[in-house]
Each structure stands twice: as C-alpha cells, then as structure tokens.
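Hi everyone, and thanks for making time for this. Please have the viewer open, and we'll go through one structure together.

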Amino acid sequence: MSRYRVVSLDMFQTLVNIEGRREHVWRPILNHDYSEERALELGSLLLRSYYETAAEVREKGSFWTSKEIYSHGFRQVFREHGVDFDDRQAVDILFAQHRLSALYEDTERFMEKVCQEFQVCIVSDTDTLMLPEFYLNYPVTLFTSEKYKSYKNDSRNLMFHEVITHYGAAPEQIIHIGDTPSDVLGAARAGITSCWINRTGACWEHTVKPDYTVASLDECYALL
C-alpha cells in the first residue's frame, strides 16, 4: 500500500508546456518587428520581471494576481524596449496562449493512473483564467493563488496548508510534484513530500533539497 493519500501537482512545465506558445504571444504584440530572437529576449525579460515582482510582493506580505504582475511586467518591458502596445491587451493574449499550452507526452497517461488510485489536486501560482481546461476531464481539486490570495512559497504557506486541511491528511501522506523552487520549498515547509520534476536537466541551487528528483511524470509514478 502506498504511503500517500494525495498527489498534488503543479500545472505549467509540469503537466503542460507553455514554451511552444511563445511565437503566438509575441507575434501579435511585435507585429512587423517580430523575430524569434526578439520574442525570446522580451519573453525572458517578462518572466524575470514576473519573478522579481512576485518576490517583492511576497516580502511585503501583500498579494497581486498574476494578471496584475504580468501587466506590470509588460509595461516595464514595453517602456524599456520601445514597444507600442497596451499591457492589458498583452495580458489577454498571454492568458489565452497559456490556456492553449500543449500537454506533455506523459501527462494524460500519468493523470489516468493517479486519478484511479489517489486523491489528486492541482496547485498553481496563477489566476484560474490562465489554466488549460483539460484538468476538468479528471476528478481533481484546484487550488490557485488567485483564490487563496497566497503563493506556494510565501511566508504564510497558505496554499499547501489549504491542501492539508481540505483532505484531512497528514502532510507526509501528500506528495507534491512541480518544476519550480516554490513547489519544492513551499511543500517542504509544510511537511509535504516534494518531488522536483526537472525536464530540462537544470541544476538545483537551493539549500533545501527536494525529496525526489525526476525527469518525467513516468518516473513519478514509480515513487508512489
């Protein structure tokens, strides 16, 4: 019998891959100035701004939705790189493309297995409007930062405590699988088993280590 009752999952870069949507985000924004290199550059700057802003907001004990953080990031990137485009419209495009993110090859296979044997939830530092709706095909519970006004790795650790409370499970009966430091650090601080899914071969750079490291969801199933 498995030690786990609950399998908790991140969404982006764990179950779905947003990388394939980059061109669709930046082509309508840059129009005739679009190039793959420019889209990659500005996309990287936008993501860096997102993480920096989210960190600043967390440190102040405040909360911004993903829409607010990305709007701020687009305004900053547009201003610094001479892009004449409305940040609110850019966020609408970004959200729409997130919803169209492709599932990884192992996602459906994994979801079908775990949903038959475990209670499953998705825990995502996003607004609900960003999420691809494939999860509605499965008996999963959704926890978003927008709903709980909290992030996976903020000082309150509310997201993971809500998971524990919802299922009435001991933390060690829950395993959380995700691709970011927030997934691992937030889960670990709540006493939840952490599994870092490292699809890109990145190096772990934090003192607190994940309990498990895998390269695919197929490897995760063997841990359960």
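I'll talk about aromatic rings, then a pocket, then one strand.

Before we begin, please keep in mind that this is a predicted model.

Let's start with the rings. How many aromatic pairs does a search of the whole structure find? The search gives 9. Take F78 and F85 as an example: their ring centres are 6.3 Å apart, and the planes make an angle of 80°. That pair is edge-to-face, because planes over 60 degrees apart count that way. F78 is also buried, with a relative accessible area of 5%; the cut-off for buried is under 20%.

Now compare that with F143 and Y148. Their centres are 5.8 Å apart and their planes are at 25°, so this pair is stacked. Both F143 and Y148 are buried.

If you go back to F78 and F85, you can add W26 and F74, since ring pairs link these four residues into a cluster.

Rings can have charged neighbours too. Which residue has its charged end over the ring of Y221? That is K113, at 4.8 Å from the ring centre. Likewise, R199 lies over the face of Y104, and here the distance to the ring centre is 3.7 Å.

Next, the pocket. A short word on the idea: rolling a probe the size of a water molecule over the atoms shows where empty space is left. In this model, the largest pocket has a volume of about 1300 Å³. It is lined by 47 residues, and the closest to its centre are Q13, L47, Y51, D179 and T180. Several elements give two or more residues to that lining, including α1 (22-30), α3 (66-81) and β7 (193-197). Which element gives the largest share? It is α2, with 10 residues. Sorted by class, the lining has 23 nonpolar, 13 polar and 11 charged residues.

You heard β7 in that list, so let's finish there. Is this strand mostly covered or mostly open? Mostly covered: 5 of its 5 residues are buried. You can check this from both faces, with T193, C195 and I197 buried on one side, and S194 and W196 buried on the other. Beside β7 you'll find β6, residues 174-178, joined to β7 by 4 bridges. The two strands run parallel. To find your way between them, look for I177, whose bridge partner in β7 is C195.

That's my tour, and I'm happy to take questions.

Key. Residues are numbered from 1 along each chain as its sequence is written. This is a predicted model: local features need pLDDT of at least 70, side-chain atom pairs count only at pLDDT 80 or more; totals for chains, interfaces and linings use all residues. Side-chain values use heavy atoms; hydrogens and water are left out. Rings of Phe, Tyr and Trp (its six-membered ring) pair if their centres lie within 6.5 Å; planes under 30 degrees apart count as stacked, over 60 as edge-to-face and the rest as tilted. Buried means under 20% relative accessible area, exposed over 50%, partly exposed in between (1.4 Å probe, protein chains only). A charge sits over a ring if NZ of Lys or CZ of Arg is within 6 Å of the ring centre and within 35 degrees of the ring normal. On a 1 Å grid over the protein atoms alone, a cavity is a set of points where a 1.4 Å probe fits but cannot get out, and a pocket is an open set with protein on both sides within 12 Å along at least five of seven lines; lining residues have an atom within 4 Å of a point. Grid points are joined across faces, edges and corners, and a volume is the space filled by probe spheres set on the points. Ala, Val, Leu, Ile, Met, Phe, Trp, Tyr, Cys and Pro count as nonpolar, Asp, Glu, Lys and Arg as charged, and the others, Gly among them, as polar. Two strands pair if DSSP finds at least two bridges between them.
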